[in-house]
Amino acid sequence: MKNPYIPYEVKILDTWYEAPGDRCIKTFKVTFTDEKVWDTWNHLPGQCAMVGIPGVGESMFCISSSPTEKGYLRFSIMKAGKNTSALHELEAGDTFFVRGPLGNNFPLEEWKGKNVVTIGGGIGQAPLRPVIQWIRDNRADYGELELIYGARTSADHCFKDEFKEIIEEGECECHLSVDVEEEEWPHFVGFVPQLLMEVAPKPDNTIAVTCGPPIMIKFVLQNLEKLGFTPDQVYTTLENRMKCGIGKCGRCNVGHLYVCKDGPVFSYAQLKEIPEAFA
Amino acid sequence: MAVKKLSKEKVGEALGELSKFRLIAPAKSDEVVVFKQISDPGEAFLDYGNSTVPPKKFAFPQTETLFRFMVGSPELKEKNVEEEGTTVIFGLRPCDARAMSIVDKLFSWDFDDPYYLKRRELTTLVGMACVEPPSVNCFCTSLGGSPFGTEGLDMLLTDMGDYYLVQPLTDKGKKLEETLSAHLEDAPADDEKKAEGMAKESEGKIRRSIDTEGIPEKLPTLWDNELWKRVSAACLGCGICTFLCPTCHCFDIQDEVDEGGEGRRCRMWDSCMFEEYTLHASGHNPRPTRRERTRNRINHKYSYYPSRFEVIACVGCGRCINLCPVNIDILDILDQVVDA
């Protein structure tokens, strides 16, 4: 069996910025240097990978592409620390290393036949993107898809082109927001939990998936309950500092669950039992 | 086949025989006893209570290389644990062997940890029964262990005065007995029975205890209890309770690069009592104070670990009590949990 601590080298096919600023977000579209890795690589929406550079380190990121997108993986990474700053220096043609896929996935098989509403905030849209893409690529298997997404400003919105395309094509209901008023912004102004109440998706035969800053998740979960969603209809992904990614090094636990192994995807029903889940 | 004994006069030559392996034994180091690799049998110090530092580092080194690389090169050279060779840990206490069998569950859960498991496969554990409990803070019997416990051991030695009674317990232990056969003699026929009596006597001398029944289920219900503030108030966050714990297994992974660009990715012991352990790159810390960190340490050992692996991650060796600089006592914490 392959040593789970040894990463694969990937080559960058393309990069672009999703959002500007000190904590800018850059997307990397990569493929394995050794094409044969694709034969054994199987990931599902929600799963993660350790991403890094030998000599710098590695950190855990969700894989922001769906397995229905063939021939590449995507990672959307905010510049925050030593490793992400080094990754941000890289451009098309450069290489870095990836170890995974790690963790569990959104139960998209179970969701077949159901409506899905995603509620994202900022970079929290990254783990929701593969869910949306998976459903777009398996459209007949699912009911209505509805997207709710907000960020501080319109410039901070990730995946702008894809949202634009979805809206222009009228593919599904798509509700966008910015936290504060800006000129020529045609959509909602306010926080994501408020937008959620405005949109008020119906809970019947519907799954809600949310990810964003902890404070947003907290209020989104409360508001979903107000809208009649039961905890087993609601899913989110957690993150914590990680080192091994395979349930050994100890640090990423919330209560008795390892985020790296038992998660990152959890139902709200699971997390309600864990007082540390939203620490 | 008769039970064997190893005369104390022949311990030196027996250890000499075992020197063809990587031989680890207790030895004096400054004022304390630690396990170390010995080449001269005279270094071994078998007349000890328990080592200050548990022998866990011979399965799970304090720092170990995972792979080596040259910066900028795609080639990653995996560390080959096999090169460390067959290892015998001679004279460890039953609690420390039991600790290894508990930690084995973590390193073989879901993903196999190739480094740890290879090292365990290459290692034979020769235990030394505790004829006297080594410390006033021993409480192994509360956790399912015993001063003469054999869990995790391949061979048990019992000090009978002039000689050690030799009891192989596994195939590895039997193989080791064969290796040592030239140095062994037949033991008196009633020695095993005598050892059973000695075990009872030693168990009776253990002074501290905790009834663990119900603690794993109760702990999560005490999440916001004021006891966590109380029991962590004196904590300095030094981490000694975790570094000297034979079941603590948390680690960090770091890269080191020298001036020439040669580097290694290595892992090293880490401690849940440290602030950086859970600190996010964003600056957020889900366990910001020693209260949360102490709560996690106790919950991890006494609730989370048993919920996953059906065994409490504590063997009652007493080291965290003996060596805490501010006298924090895990049994006192557990008593407060029981009373809460």
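## A buried strand residue in chain B

In this predicted model, Leu23(B) sits in strand β2 of chain B, which covers residues 22–29. Leu23(B) counts as buried because 22 C-beta neighbours fall inside 10 Å, where the cut-off for burial is 20 or more. Leaving aside residues up to four places away in sequence, Leu23(B) touches Leu15(B), Leu18(B), Gln37(B), Ile38(B), Val88(B) and Phe90(B). As a gauge of distance within the chain, the C-alpha atoms of Leu23(B) and Glu132(B) are separated by 25 Å, with their positions 109 residues apart along the chain.

## The nonpolar core

One of the contacts of Leu23(B), Phe90(B), also appears among the residues with the most contacts inside the largest nonpolar core, together with Ala25(B), Ile89(B) and Leu157(B). That core has 154 residues, and the largest share of it, 8 residues, is contributed by α2(B).

Ile89(B) gives a closer view of the packing in this core: when residues up to four places away in sequence are not counted, Ile89(B) touches Ile24(B), Phe35(B), Pro55(B), Phe58(B), Thr123(B), Leu125(B) and Val126(B).

## Chain B as a whole

Chain B contains 11 helices and 12 strands. Its radius of gyration is 21 Å, close to the 20 Å that the globule rule gives for 340 residues, so chain B is as compact as a globular protein of that length. The C-alpha trace of chain B spans about 65 × 60 × 40 Å along its principal axes, and 42% of the 340 residues count as buried.

Among the contacts in chain B that link residues at least 6 apart in sequence, 71% join residues at least 24 apart. With regard to the predictor's confidence, the mean pLDDT of chain B is 96, and 100% of its residues reach 70 or more.

## The contact between the chains

For the complex, the predictor gives an ipTM of 0.93 and a pTM of 0.94. Across the interface, 38 residues of chain B are in contact with 31 residues of chain A. On the side of chain B that touches chain A, at least two residues each are supplied by β4 (63–70), β5 (76–78), α2 (94–107), β11 (251–257), β12 (262–269) and α9 (290–309) of chain B. The largest share of this side, 5 residues, comes from β11(B), and its composition by class is 23 nonpolar, 7 polar and 8 charged residues. The helix α2(B) therefore has two roles in this description, since it supplies at least two residues to the side that touches chain A and also gives the largest share of the largest nonpolar core.

## Chain A and its two domains

Chain A has 7 helices and 15 strands. Its radius of gyration, 18 Å, is close to the 19 Å that the globule rule gives for 279 residues, so chain A is as compact as a globular protein of that length. Its C-alpha trace spans about 50 × 45 × 35 Å along the principal axes, while 49% of the 279 residues of chain A count as buried. Among contacts in chain A between residues at least 6 apart in sequence, 69% join residues at least 24 apart.

The domain assignment divides chain A into domain 1 (8–102) and domain 2 (115–237), and the centres of these domains, taken over C-alpha atoms, are separated by 24 Å. Their contact takes 15 residues from domain 1 and 14 residues from domain 2. On the side of domain 1 that touches domain 2, two or more residues are given by each of β1 (8–19) and β5 (73–78) of chain A; by class, this side has 7 nonpolar, 6 polar and 2 charged residues.

## An enclosed helix and the loop after it

In α3(A), 7 of the 9 residues are buried, so this helix is largely enclosed by the rest of the structure. The buried residues are Arg129(A), Pro130(A), Val131(A), Ile132(A), Gln133(A), Trp134(A) and Ile135(A), and they pack against β7 (115–121), β8 and β11 (206–211) of chain A.

The loop between α3 (129–137) and β8 (145–151) of chain A holds Ala140(A). With 5 C-beta neighbours inside 10 Å, Ala140(A) counts as exposed, because the cut-off for that class is 12 or fewer. The C-alpha atoms of Ala140(A) and Ala19(A), which are 121 residues apart along the chain, are separated by 33 Å.

How values were computed
Residues numbered from 1 in each chain as written. Chains lettered and ligands numbered in written order. Predicted model: local features only at pLDDT ≥ 70, side-chain atom pairs only at ≥ 80, totals over all residues. Helix = DSSP H or I, 4+ residues; strand = E, 2+ residues; numbered from the N terminus. Rg over C-alpha atoms; globule rule 2.2 N^0.38 Å. Contact = placed C-beta atoms within 7 Å. Nonpolar A, V, L, I, M, F, W, Y, C, P; charged D, E, K, R; others polar. Domains from an automatic or database assignment. Core = buried A, V, L, I, M, F, W, Y, C linked by C-beta atoms within 7 Å. pLDDT = per-residue confidence, 0-100.
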